[in-house]
Every structure is written in C-alpha cells, then in structure tokens.
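User: I am new to reading protein models, and I would like to learn how to go through one feature at a time. Could we take the structure below as our example?

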Amino acid sequence: AAATPMSATTPNLKTSLPPPKADGSRMNATFVTLARNSDVWEIARSIRQVEDRFNKRYNYDWVFLNDAPFDDTFRKVTTALTSGNTRYGLIPEQHWSFPSFIDQERAAAVREDMRERKIIYGDSISYRHMCRYESGFFFRHPLMLEYEWYWRVEPSIELFCDIEYDTFRFMAENKKKYSFVLSLYEYVETIPTLWESVKGFIKEHPEHIVENNSMGFLSDDGGKSYNHCHFWSNFEIGNLDWLRSKAYVDYFDHLDHDGGFFYERWGDAPVHSIAAGLMLRKDELHFFNDIAYYHVPFTHCPTDEQVRLDNKCHCNPKDNFDWNGYSCTSRFFEINSMKKPEGWEKQQ
Ligand code: GDP
Ligand code: MN
C-alpha cells in the first residue's frame, strides 16, 4: 500500500483510496498484530473494521509478527485489506523459546498440573511464549524500532464507532503513554507470585517507580497485595519508546528471571498494566471512551447516548462492561477523580 499516489492506470486497489486526511502530518505510528497463518480470516475481519472506522482516513502502516514465516495467503489478504504499508516480520528464535535459566522439567510439571485444574491456556507452551513475547519483545523487533507509537490489534475484534481524529496524535499532544478501553480482574491461578516479583523489582529499582502513579488502581492496601486489576491488552495504543526505556526493560528482565511466564502463566495484560501503573504518572494513562470495542467476551460501548450518536456507533449499550462488578474501570475513574457518565448506575 503506497502512501504516494500511483498512476491511475496501475491496477492496484489502493490508488482508488482518497489520500490520508492528515497527509504530511501523520505520526510515526503503526498498527501491530501478532498472528499465525491460521488466524488470517479472523484478522481479516479485524482489519476491515479498523480500516472502515479509522484507518481509511489516515493510512497508517501495519506490522504483522509471527514465530513462523507468513504464507502467501496471509500476505495477500492482509495487504489487500489495509490502506497503509504492510510489513511482515519473523520473530527471532531467542524471543520465542525457553530462556536458559528456566528449568524445563519444572515448567512441564506446572503445565500438567494446570491442565488437570483446567486453567485457561494452562497447559499451553505457545500461549506462554506469546505472553512473554508481548510482555518483553514485540517493541524491540527490528520492524518496530522504526516507530514511536503502536496500536495493537488482535483477530476477531470489533470496532463500533467512527474514530474521527488521530488517536496517535491525541496521545502525543496530551502526553499520554499507555491507553485502554476495557479493564478487569485477572484469574488469580495464573499469577500467584507476580506481585511478589513486582515487589522484588521495586526494592531493586526504586528509581523506576514514579510519584503520582496508579498504585490505587492495582492495590487496595498501598502495595502490600495486588487486587488483580489490569487493562485488557488485546487493545492497546501506546508509546514504544516507553516500552524500550531502561525502566521498562529492567522491569521485564526482573520478572522474566523470576520465571513466572513458565512456572505460572503470567499474561502480558497484568505485566503491562502493573508497569503502566507504577512507572508512568497517572496522567500518562488514557481511557479511550470513544473507541467502542469488542474482544470475546467483553464489550466497551460508550455509556453516553450523545457520544454514540455523534460517532455513528452500532453497539448495544446494554452490552457495556465498564460499570459491571467484574470491571476495574470504576476504580480507574475514582483514583483519577473522573466524573462517571450519566446513566452509569443503571449499567452496574
Ligand atoms: P486470547 O485473546 O488471550 O484468547 O489469546 P489469542 O489466541 O487471541 O492470542 C493473542 C494474540 O497472539 C493474537 O493476536 C494471536 O493471533 C496471537 N497468537 C497466539 N498464539 C500464537 C502463536 O503461537 N503464534 C503466533 N504467531 N501468534 C499467536
Ligand atoms: Mn485474543
């Protein structure tokens, strides 16, 4: 997908697209998707939605990452659907394998135990590599090094409202570093010692913990224990330079060496959320209320009717998860002294 116009006779669908609305003033940003070849039709649906609701006006690039080479079908289908440049990256083996300090027998015993206890993805090796990769490596892939901002997109998501402004520019202009649309409580069984590891990190690197952080989102007792609240990381718009910072990389290395990606089943969502909660200031986090979103099984649909009408939303407000008892979004509003939208009580 070329950002520069091609001759009108070139048989390329992309020549028929209008130029980016914000031509010349776009941010250094990309969509990023981790996927298998077998995810092609599910990611196709996601791309179509992101393009229709947002990217047809901006034509941002799209980076696809995979632990195996992408096949021709995956490349053809995704390139045809996107308005920006598509790029396909292979993940280096050292970022998708057991580190030398992991005891493989112990890891195998844990998987067997979690299989018997029917913990979701508990017996999966690939899911663990995926969580570790999203926690510590995607932002360091050679293709990603060229960008400052990312928007993560997973297969089979839906977007329900038009997004009529440049979300990356919004992040930059408002000095935001990390954002979310849905938040919830993590399954305790997958992270029993994560908070102990975080406490070890805090002790070792107190210089990385910022003042005015969001500890109140993560803990109900000033940091003694974790309340399991996290931002759902299948959607993220964030700053890559922050993830590449010494603070974040020190944090990831500390967690990685404690082994919980393999000896438990630490997810990238709590890992990113705890980092954002402790190493970014409160005002560097953003709740994108106007990005209405679905990833099985949860929906974020703006509570405020006027927001839904103004942005041509097609979600059912009854499906909105924000004010449900299992959501942590109320807590986010409270620690930031944000006013909840009218009608939120009725969606509790
Ligand atoms: P869930 O949302 O937690 O149920 O997990 P998903 O199955 O959606 O996986 C999260 C993301 O990682 C998605 O973008 C998947 O396409 C991707 N993913 C999961 N497992 C693998 C894998 O083994 N290889 C690759 N390349 N991508 C994977
Ligand atoms: Mn998913």
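User: Is Y121 buried, partly exposed or exposed, and what do those words stand for?

Analyst: In general, buried means under 20% relative accessible area, exposed means over 50%, and partly exposed lies in between, with a 1.4 Å probe and protein chains only. Here Y121 is partly exposed, because its relative accessible area is 42%. This is a predicted model, in which local features need pLDDT of at least 70 and side-chain atom pairs count only at pLDDT 80 or more, while totals for chains, interfaces and linings use all residues. Residues are numbered from 1 along each chain as its sequence is written, chains are lettered from A and ligands numbered from 1 in the order in which they are written, and side-chain values use heavy atoms, with hydrogens and water left out.

User: Where does Y121 lie, and what is notable about its phi?

Analyst: Most residues other than glycine have a negative phi, and most peptide bonds are trans. Y121, although it is not a glycine, has a positive phi of about 60°, and it lies in the loop between α3 and α4; helices (H or I, at least four residues) and strands (E, at least two) are DSSP runs, numbered from the N terminus. K312 is another residue other than glycine with a positive phi, near 55°, and it is found in the loop between α12 (305-310) and α13 (329-335). K312 counts as exposed, because its relative accessibility is 56%.

User: Which peptide bond is cis?

Analyst: The bond from V296 to P297 is cis, with omega near 0°, and P297 lies in the loop between β11 (293-295) and β12 (298-300).

User: Which residues come nearest to ligand 1?

Analyst: A residue is near a molecule if one of its heavy atoms lies within 4 Å of it. There are 14 residues around ligand 1, and L34, D39, D67, Y121 and Y127 come nearest. The shell divides into seven nonpolar, three polar and four charged residues, where Ala, Val, Leu, Ile, Met, Phe, Trp, Tyr, Cys and Pro count as nonpolar, Asp, Glu, Lys and Arg as charged, and the others, Gly among them, as polar. Its largest share, three residues, comes from helix α4 (residues 125-136).

User: What polar contacts does D39 show with ligand 1, and how far apart are the atoms?

Analyst: A polar contact is a pair of N or O atoms within 3.5 Å; within protein, one must be able to donate a hydrogen and the other to accept it, and residues adjacent in sequence count only if both atoms are side-chain atoms. An N or O atom in the side chain of D39 is 2.9 Å from an oxygen atom of ligand 1, while polar side-chain atoms of E154 and H295 lie 3.0 Å and 3.1 Å from an oxygen atom of the ligand. Taken alone, ligand 1 exposes 570 Å², of which the protein buries 84%, with accessible areas from the Shrake-Rupley method with a 1.4 Å probe, and for residues only the protein chains shown counting as cover.

User: Where does S46 lie, and is it buried or exposed?

Analyst: S46 lies in helix α1 (residues 40-53) and is buried, because its relative accessible area is 0%. A polar atom of the S46 side chain lies 3.1 Å from the backbone nitrogen of I157.
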